[in-house]
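I spent some time with this model today and kept notes as I went. Here they are, in the order I looked things up.

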Amino acid sequence: MFSNACISVTRILIMAIAVFVSGTGTNLQAMIDDVDIDIEMVITNRNAKFVSALRRCENAGISWISYLNNMENLEKYTTETFEEKNVELIVLAGFMKLLSPAYVKRWEGKIINIHPSLLPSFKGAHAIEQAFEYGVKYTGVTVHYVDEGMDTGSIIAQQTVKVAKRDTVETLEKKIHKVEHKLYPKVIKDLLK
Ligand code: GRF
């Protein structure tokens with residue numbers, strides 16, 4: 001007998017993010033591997049051949065665009081594209097350029113970054129080495145909103161990492177990255193809820 005039963009389909013709405021990278025892209029990979037995160041596109045400021053993160057995009061079928069240090073064009077293009085595609089969150093993952101004050105203002109509350117220290121300690125590009133050399137017993141990972149400064153925006157989440165006596169910079173770096181790869185996708189999903 002033919003039944004005209006109505007089947008209720010639960011629609012899962014996955015909101016899109018854009019990811020800005022400049023290098024290896026292990027954090028990007030953690031996002032790619034998370035089935036609940038939808039990456040609309042990946043943007044880099046560097047020559048594509050030096051950005052291994054982009055190989056991860058190619059393997060995953062994610063489109064990317066390179067802006068060769070032209071931040072003005074990068075910001076103009078991404079603003080237009082993100083508005084059109086309803087990108088909800090701009091995720092910096094090892095992106096080594098400061099965004100302009102106007103861009104940060106336009107996307108206020110929608111740009112986040114991950115930093116390998118317990119901010120406000122050890123801002124900047126060599127946080128893991130600096131914390132190690134300082135002899136801290138605990139360091140960690142911070143996810144924060146992006147403002148006009150470098151690693152100065154308000155903190156969203158932090159997780160500590162204990163520095164063991166036998167740690168070297170390399171082993172500490174591995175421990176920090178392991179924490180980053182769990183924390184960042186979790187924060188992203190929490191923010192998109
Ligand atoms: C991470 O340690 C992140 O905290 C910092 O840059 C590094 C990027 O690593 N902002 P990867 O490119 O994600 O491997």
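The entries below go from the overall fold to the ligand site, and then to a few single residues.

**Entry 1: the overall picture**

I reminded myself at the start that this is a predicted model. I counted the secondary structure and got six helices and seven strands. I then read the elements along the sequence, and the pattern came out as β-α-β-α-β-α-β-α-β-α-β-β-α. For the dimensions, I took the C-alpha trace along its principal axes, and the spans are about 75 × 45 × 30 Å. I also looked up burial: of the 193 residues in the protein, 42% are buried.

**Entry 2: around the ligand**

Where does the ligand sit? I found it in the largest pocket. I asked myself which elements give two or more residues to the shell around it. These are α1 (26–32), β5 (111–115) and α6 (169–192).

Next I listed the shell residue by residue. From the earlier part of the chain I noted Thr 24, Gly 25, Thr 26 and Asn 27, and further along Gly 94, Ile 114, His 115, Pro 116, His 177 and Glu 180. Sorted by class, the shell has seven polar residues, two nonpolar ones and one charged one.

**Entry 3: polar contacts to the ligand**

I went through the distances to oxygen atoms of the ligand. For Thr 26, an N or O atom of the side chain is 2.5 Å from a ligand oxygen. For Asn 27, the atom in question belongs to the backbone, and this N or O atom lies 2.9 Å from an oxygen of the ligand. For His 177, I was back at a side chain, with an N or O atom 3.2 Å from a ligand oxygen. How much of the ligand does the protein bury? Taken alone the ligand exposes 370 Å², and the protein buries 84% of that.

**Entry 4: Asn 27**

I stayed with Asn 27 for a while, since I had just met its backbone at the ligand. Asn 27 is in helix α1. Buried or exposed? I put Asn 27 down as buried, because its relative accessible area is 9% and the cut-off for buried is under 20%. Its side chain makes a polar contact of 3.1 Å with the side chain of Glu 180, and Glu 180 is also among the residues around the ligand. I checked one long-range pair too: Asn 27 and Ala 93 are 66 residues apart in sequence, yet their C-alpha atoms are 6.2 Å apart in space.

**Entry 5: two residues of strand β2**

I looked at Asp 38 and Thr 44, which both belong to strand β2 (residues 38–44). Asp 38 has 32% relative accessibility, so I noted it as partly exposed. I also took the C-alpha distance from Asp 38 to Ala 48, which is 10 residues away along the chain, and got 22 Å. Thr 44 has a relative accessibility of 0%, so I wrote it down as buried. What does the side chain of Thr 44 reach? I found the backbone oxygen of Val 21, at 2.8 Å.

**Entry 6: backbone oddities**

Before checking the backbone angles, I kept the usual expectation in mind: most residues other than glycine have a negative phi, and most peptide bonds are trans.

The peptide bond from Leu 119 to Pro 120 is cis, with omega near 15°. I placed Pro 120 in the loop between β5 and α5 (127–134).

Asn 86 has a positive phi, near 55°. I found Asn 86 in the loop between α3 (71–85) and β4 (89–92). With a relative accessible area of 55%, Asn 86 is exposed, because the cut-off for that is over 50%.

Asp 151 also has a positive phi, near 60°. Asp 151 is in the loop between β6 (138–145) and β7 (155–162). I noted Asp 151 as buried, because its relative accessible area is 11%.

Notes: Residues are numbered from 1 along each chain as its sequence is written. This is a predicted model: local features need pLDDT of at least 70, side-chain atom pairs count only at pLDDT 80 or more; totals for chains, interfaces and linings use all residues. Side-chain values use heavy atoms; hydrogens and water are left out. A residue is near a molecule or strand if one of its heavy atoms lies within 4 Å of it. A polar contact is a pair of N or O atoms within 3.5 Å; within protein, one must be able to donate a hydrogen and the other to accept it, and residues adjacent in sequence count only if both atoms are side-chain atoms. Accessible areas come from the Shrake-Rupley method with a 1.4 Å probe; for residues, only the protein chains shown count as cover. On a 1 Å grid over the protein atoms alone, a cavity is a set of points where a 1.4 Å probe fits but cannot get out, and a pocket is an open set with protein on both sides within 12 Å along at least five of seven lines; lining residues have an atom within 4 Å of a point. A molecule sits in a cavity or pocket if more than half of its atoms lie within 2 Å of its grid points. Helices (H or I, at least four residues) and strands (E, at least two) are DSSP runs, numbered from the N terminus. Ala, Val, Leu, Ile, Met, Phe, Trp, Tyr, Cys and Pro count as nonpolar, Asp, Glu, Lys and Arg as charged, and the others, Gly among them, as polar. Buried means under 20% relative accessible area, exposed over 50%, partly exposed in between (1.4 Å probe, protein chains only).
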